[in-house]
Each structure stands twice: as structure tokens, then as C-alpha cells.
Amino acid sequence: MGTTVQQDSTRVRTQGLDPATRAVHVGERPSRPEFTPVVTPIYPGSTYVYEDLEVMDAALGGAEGKYVYTRYGNPTSSALESVIADLEGTSAAVAFSSGMAAVHAAITTSIAPGQSIVASRDLYGATYSMLAGFVREWGCTVEFVDMLDLDQVAGAIERFTPSLIVCEVISNPLLRVTDIPAVVKLARTVRAAVLVDSTFSPLIYAPAADGAQLVVHSLTKYISGHGDVTGGVVATTALRREKLVNFVKMAGALLGPFESWLALRGVKTLPLRMERQCTSAAIVAEAIAPHPLVSRVYYPGLADHPSHDTARRLFGERGFGGMIAFEIKDGAREQVVDFLEALKLVVPATSLGDVYSLALSPVMASHRGLTAGERHAIGIADGLVRLSVGIESPTDILDDLDHALHVAVGRTLHATA
Ligand SMILES: Cc1ncc(COP(=O)(O)O)c(C=O)c1O
């Protein structure tokens, strides 16, 4: 049987006070818990109190390990930040309320109006829009390039002398892999910082080890992994952490304690999930490549993918990620709709990296804003399906894909007969 823990209410002595006062204060603020939970608790408090006002003063002055107000820092978020920094091999990390909040903070704390950015042309849509819209309006020059064409990158760096390069390890939806070490080498010629969005590739590649100063993840995806968290994180140097923390103090896009705790819980199974998802994705990609109703499969682990060699060099034995894209043979938007509707196991929803397999049509979702001509120019066919492979049995996933492909193509044959 457990014993009742006496709560020692710091600074408020409630004995003899009115019930209205006792209802508010009794049971709160245990000053020195005599137990240690195995996992970091959720600290929901927005504000902190200290017995000694000198300590409070130090806390307000930013003393290490002291908390005063959650927008300035929170023990649950700190625990998450420390494990992310550890896994990324950086001195620090700062958590944000979404992946886009993290991207926004990483960009705006790294440049000033009047400076230039060289960015990948096939960045995640919202990042592209932020750079092409808001960041340009803010007074920066933004030059978009094909980040896999290193001559083009070198040319843009020479012409624009950027302060920042923005790229992703694995692009969406064609899964092209950026040669990060080569981009970092080019960036160094003008002392530009390199920001890498590593959302698709946690644990299989650590961009900071190859010289990237800012590594961003949408925590919403693989790191949390269960489709129940919206968050982001920037792993970076101690100096840049200071800037980011000050930015959060002003801009306020912090990750709340509850979401931090969920993400922290997700991290614990990230290695297991990534290993499983990479293995299953490889099985699924290889099995559907010869499927008679599939005309093309994009997976960096397949020898015919244009980024296969780069992926092997960067990822080594850690796998090629859990994302696949494939084209339904002679598929138009209608076949993709029929295919998505016919799925019984794979969930036809946006997002990626969850324990559940998820499928979407880039034409309907991520690349909806582009014209057909623009989509075709970057290689996105109308019949393209993007698949985020979950942790289910790969055999069950393949059976579901096969069934949905036959329903989709069968319906078309029936309609045209
Ligand atoms: C590569 C990449 N970066 C950033 C984001 C934005 O993350 P969030 O939706 O958590 O803001 C996404 C979202 O899909 C993404 O795929």
C-alpha cells in the first residue's frame, strides 16, 4: 500500500483559511518531492515559485535549470530538447508549437533584411511559400535552385553570397536526397549557415555531423509517431539556441508541456519504429515495383532511384526511410481517388511518419496549388500516390495496395468498356 504524501505548500499556509482559499491552494506546490518518477512528468504550470527570492532573481536572470514562466522554458520541454540534441549530436535544441514554427524561427533568427538565401526548389510547400512570400516581403533575396544540381547551387552561391542555405534531406514526394556534405562545403566558401529539414530522415542521417548549423524536424511526424502531436524542433549550436529562446520569448510559439511529454514518449520508440518502417518500406517498394498496375516506384533504396548512390553514402546501413511514391499505370486523378477510396487498411490521410500507414495524392494535397504544367515539370504525375509506410505487417500493407490497385484500375476498365 502506498502512503499519503504530505503536500508542503510553498509560501501559502492554508490552515484556518476560508474554504474558497483552501480549494485553490491545498495540495499544490510540493516543495521537495521525496520520490522520483521514472519518466519526466508533465509540468503544466505556467509559472514557478521559489522559497528564496534570491533564487527567484537568479531564475529570472536565466540561471541554468531554473524555470520562471513556461514561455521562457519548461522542464518537460527541456527533457525533450535534451534528447533531441543528443540524438542529433548538437549542443542544444529548442522545441516549437509546430514544424512550421520551428522552420520560421530557424530562418528568421539566421538572416536579416537585405541578406540572401539560396533554397531548394522542392522544399515542403509551406516552407517554399514562407520563403517566396513572407521572407521576400521581409526584405530578403531568395533564390530557388535544384539542390541536387551542385553546379547550379555553386552558381547561385557565387552570385548571391547568401547568409543561409535551406534544404531537406529527403524531398517530398519524389524522395530525392540532397548531398548535404557537398552543400555544406559550398556554403562554407561564403560562410553561409546551412539549415536542413530532416523531418523524413530522423536517426538515419544526422546533418549536424556533416556541418549543418540548424537541423529542423516536424515533431508531428516520425519523432512523435502516433498522429497525436503537432510540434517542431530546431537542433543547433549553443549560440543559436540563445537566439531561438529569445525569439520564443517574444514570438511565443513554444511547444506546450503536454505535447512535449507526448513527443518525449514518442522518441523512446523512434529507433524501433524507424528500423521497422525502413525495413517495411524497402519490402513494399521492391514488391510493388514489378506490379502490372504500377508504372514507376520512387524509393531511394531502389537501385534505379536517381538518388540511390547519395542515399547509400549518407544513410549507410541505417535504411532509406519509410516513404515511398508510386505511379498507378496510366493513372489519372480519378484512378488515384478510386485507389484511395478502396484502401481498407492504409489510411487515406495527409501527414506521414505515423505508426499507421498513410497514403495521399500529391496532386490533391501537397502540390494542389501548382498548375498541371508546373507539376509535370517537376515530375509529379497525375497518377502519383505517396505512401508513408507504418509499422503494420508489410504483407498486410501489400495486400491492401494490391486490392485497391485492382479496384481502381478495374473501375476504369469497367467505365470505358
Ligand atoms: C518536410 C516537412 N517540414 C515541415 C513540415 C511542417 O510541419 P508541421 O505540420 O508540424 O508544421 C512538414 C509537414 O508536413 C514537412 O513534411
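**Exercise 1. Pro 173 and its peptide bond**

Task: Find where Pro 173 sits, and state which form the peptide bond from Asn 172 to Pro 173 takes.

Solution:
- Step 1. In this predicted model, Pro 173 belongs to the loop between E4 and H7.
- Step 2. Now check omega. For the bond that runs from Asn 172 to Pro 173, omega is near 0°.
- Step 3. That peptide bond is therefore cis.

**Exercise 2. A salt bridge across the chain**

Task: Identify the partner of Asp 122 in a salt bridge, and say which parts of the chain the pair links.

Solution:
- Step 1. The count of salt bridges in the model is 4.
- Step 2. In one of them, the side chain of Asp 122 meets that of Arg 176, with 3.1 Å from N to O.
- Step 3. Place both ends. Asp 122 is in the loop between strand E2 (116-120) and helix H5 (125-137). Arg 176 is in the loop between strand E4 (164-168) and helix H7 (180-188).
- Step 4. The two residues are 54 residues apart, and the pair links distant parts of the chain.

**Exercise 3. Positive phi outside glycine**

Task: Give the phi values of Thr 161 and Ser 351, then locate each residue.

Solution:
- Step 1. Thr 161 is not a glycine, yet its phi is positive, about 40°. Its place is the loop between helix H6 (150-160) and E4.
- Step 2. Ser 351 is not a glycine either, and has a positive phi of about 80°. This residue lies in the loop between helix H11 (333-342) and strand E10 (358-360).

**Exercise 4. The ligand site**

Task: Describe the shell around the ligand, and list polar contacts made by Met 100, Asp 197 and Ser 218.

Solution:
- Step 1. Start with the shell. Residues around the ligand include Ser 98, Gly 99, Tyr 124, Glu 168, Thr 199, Phe 200 and Lys 221.
- Step 2. Sort the shell by type: 3 residues are nonpolar, 6 polar and 3 charged.
- Step 3. Take the backbone next. A backbone N or O atom of Met 100 is 2.9 Å from a ligand oxygen.
- Step 4. Turn to side chains. A polar atom in the side chain of Asp 197 lies 2.6 Å from a ligand nitrogen. For Ser 218, a polar side-chain atom is 2.8 Å from a ligand oxygen.
- Step 5. Finish with cover. On its own the ligand has 390 Å² of accessible area, and the protein covers 88% of this.

**Exercise 5. Two pockets**

Task: Characterise the largest pocket and the second largest pocket by volume and lining.

Solution:
- Step 1. The largest pocket has a volume of about 870 Å³. It is lined by 23 residues, and those closest to its centre are Arg 29, Pro 30, Ser 31, Tyr 43 and Tyr 48.
- Step 2. The lining of the largest pocket holds 13 nonpolar, 6 polar and 4 charged residues.
- Step 3. The second largest pocket has a volume of about 720 Å³. Its lining has 33 residues, with Tyr 72, Gly 73, Ser 78, Arg 241 and Val 245 nearest the centre.
- Step 4. Helix H2 (53-60), helix H3 (75-88), strand E1 (92-96) and helix H8 (238-251) each give two or more residues to the lining of the second largest pocket. The largest share, 6 residues, comes from H8.
- Step 5. By type, the lining of the second largest pocket has 16 nonpolar, 10 polar and 7 charged residues.

Technical notes
Residues are numbered from 1 along each chain as its sequence is written. This is a predicted model: local features need pLDDT of at least 70, side-chain atom pairs count only at pLDDT 80 or more; totals for chains, interfaces and linings use all residues. Side-chain values use heavy atoms; hydrogens and water are left out. A residue is near a molecule or strand if one of its heavy atoms lies within 4 Å of it. A polar contact is a pair of N or O atoms within 3.5 Å; within protein, one must be able to donate a hydrogen and the other to accept it, and residues adjacent in sequence count only if both atoms are side-chain atoms. Accessible areas come from the Shrake-Rupley method with a 1.4 Å probe; for residues, only the protein chains shown count as cover. Ala, Val, Leu, Ile, Met, Phe, Trp, Tyr, Cys and Pro count as nonpolar, Asp, Glu, Lys and Arg as charged, and the others, Gly among them, as polar. On a 1 Å grid over the protein atoms alone, a cavity is a set of points where a 1.4 Å probe fits but cannot get out, and a pocket is an open set with protein on both sides within 12 Å along at least five of seven lines; lining residues have an atom within 4 Å of a point. Grid points are joined across faces, edges and corners, and a volume is the space filled by probe spheres set on the points. Helices (H or I, at least four residues) and strands (E, at least two) are DSSP runs, numbered from the N terminus.
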